[in-house]
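Subject: Structure handover

Dear colleague,

I am passing on the structure we spoke of, and my notes on it follow below. Please read them with the coordinates open beside you.

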Amino acid sequence: MSAQMPARRKVTAREAAEQYGISQRTVQRMIAEPRPDFLSRAAARRAQAVQLRTSGASYAQIAEAMGCSTGTVGRLLHDARRYGEMPESGTGDDQRQEQAAS
């Protein structure tokens, strides 16, 4: 059984385990997002960041559009390059120049 609607919990896994008399690991398995769902959601976020970047958006514009920080955008694009979802952009000078201009 997995969490169908993941939400922030008010109790820790340890507290829930003690309350229900089960192991902490059982609680974690029950409330965790299924791995395939997580991977597809992560791939979709990377694809959105790549699409925005290839259309010429800056890291700040991507962050605003996606509702995250510029650091998260950098991580998403780095992961996309690592997984072969985005071509290498050279040495990364474009990002350093953007940050210097901000």
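The model is a predicted one, and its chain holds six helices and zero strands, so that the order of elements from the N terminus reads α-α-α-α-α-α. The chain has 102 residues, of which 26% count as buried. Where contacts link residues at least 6 apart in sequence, 46% of them join residues at least 24 apart. The exposed area of the chain comes to about 7400 Å², with 52% of it supplied by carbon and sulfur atoms.

Helix α5, which covers residues 70–82, is the element I would look at early on. Its 13 residues reach 18 Å from the first C-alpha to the last, close to the 18 Å expected at 1.5 Å a residue. The buried residues in α5 are Val73, Gly74, Leu76, Leu77, Asp79, Ala80 and Arg81, and what covers them includes α3 (35–54) and α4 (59–66). Just after α5 comes glycine 84, with a positive phi of about 75°.

The largest pocket involves α5 as well. It contains about 170 Å³ of space, and the elements that give two or more residues to its lining are α3 and α5. The lining is made up of Phe38, Leu39, Arg41, Ala42, Arg45, Arg46, Arg75, Leu76, Asp79, Arg82 and Tyr83, and α3 gives the most to it, with six residues. By class, the lining residues divide into five nonpolar, no polar and six charged. Leu76 and Asp79 appear in this lining and are also listed among the buried residues of α5, which may be worth keeping in mind when you inspect the pocket.

Towards the N terminus, I also looked at one residue of helix α1 (residues 13–20), namely alanine 17. Is alanine 17 buried or exposed? Alanine 17 counts as buried because its relative accessibility is 6%, and the cut-off for that class is under 20%. Leaving aside neighbours within four places in sequence, alanine 17 is in contact with Ile22, Ser23, Gln24 and Val27. Between the C-alpha atoms of alanine 17 and glutamine 28, which lie 11 residues apart along the chain, the separation is 9.2 Å.

With best regards

Technical notes:
Residues numbered from 1 in each chain as written. Predicted model: local features only at pLDDT ≥ 70, side-chain atom pairs only at ≥ 80, totals over all residues. Heavy atoms only, no water. Helix = DSSP H or I, 4+ residues; strand = E, 2+ residues; numbered from the N terminus. Buried < 20%, exposed > 50% of the residue type's maximum accessible area, 1.4 Å probe, protein only. Contact = heavy atoms within 4.5 Å. Areas by Shrake-Rupley, 256 points an atom, 1.4 Å probe, with all protein chains shown as cover. Expected span 1.5 Å × (residues − 1). 1 Å grid on protein atoms, 1.4 Å probe; cavity = no way out; pocket = protein on both sides within 12 Å on 5 of 7 lines; lining within 4 Å. Points joined across faces, edges and corners; volume = space filled by probe spheres on them. Nonpolar A, V, L, I, M, F, W, Y, C, P; charged D, E, K, R; others polar.
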